[in-house]
Amino acid sequence: MKIYNYNRDTKEFVNQTDASPNPLTSGEWLIPANATTDAPPSVGVGKVAVWDNDSWIVKDDNRGTTVYDTTTATGYDEEIYASESLVVDYIGPIKDTHATSERPSKFHKWNETEWVEDLDAKWEDAKNTRNELLSNSDWTVLADSPLTTS
């Protein structure tokens, strides 16, 4: 008799083996813990069969995928705008607070489904940079910096 073994912790299908006959009762089979006689469904790439108490279910399997934490990428600081990267180590869909793409720039915000550019923040930063550069380079045109002493 074929039995189907699953991982004790994750409940994912591990392998197929043959059950041992019960030495005390003829015609019965010994089914070990974390095994079932129900065959798991075939699954495609990115999916895994998981035992759910009395039947197999198919779940997403993104383990090993690099994702980026959308909650750590919130500021406009040039040095820390990047998202924290993580590697998925769980069975199931990617968490809502994770993105599969890195934050493109400090002006991008996460809108629950994708990174979108905050044009107002980008424009404000451009104006601030312009004003700072003008202030540092054109000091002679400022009212408190005359060219003559008179």
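I started with burial: 24% of the 150 residues in the protein are buried (under 20% relative accessible area, with exposed over 50% and partly exposed in between, 1.4 Å probe, protein chains only). Note to self: this is a predicted model, where local features need pLDDT of at least 70, side-chain atom pairs count only at pLDDT 80 or more, and totals for chains, interfaces and linings use all residues. Residues are numbered from 1 along each chain as its sequence is written, and side-chain values use heavy atoms, leaving out hydrogens and water.

Next, the surface. I get about 10600 Å² accessible for the protein, with 50% of that belonging to carbon and sulfur atoms (Shrake-Rupley method, 1.4 Å probe; for residues, only the protein chains shown count as cover).

Then the layout. I find 12 strands and 1 helix (DSSP runs numbered from the N terminus: E, at least two residues, for strands; H or I, at least four, for helices). Along the sequence the pattern reads β-β-β-β-β-β-β-β-β-β-β-β-α.

I zoomed in on tryptophan 51, which sits in strand β6 (residues 47-51). Is tryptophan 51 buried or exposed? It counts as buried, because its relative accessibility is 10%.

What does tryptophan 51 touch, if I skip residues up to four places away in sequence? I list Tyr6, Lys11, Thr36, Asp38 and Trp56, a contact being heavy atoms within 4.5 Å. Threonine 36 is 15 residues from tryptophan 51 in sequence, and their C-alpha atoms are 8.8 Å apart.

Last look: a polar atom of the tryptophan 51 side chain lies 3.4 Å from the backbone oxygen of asparagine 53.

Definitions and conventions:
Polar contact = N/O pair within 3.5 Å; in protein donor to acceptor, adjacent residues only side chain to side chain.
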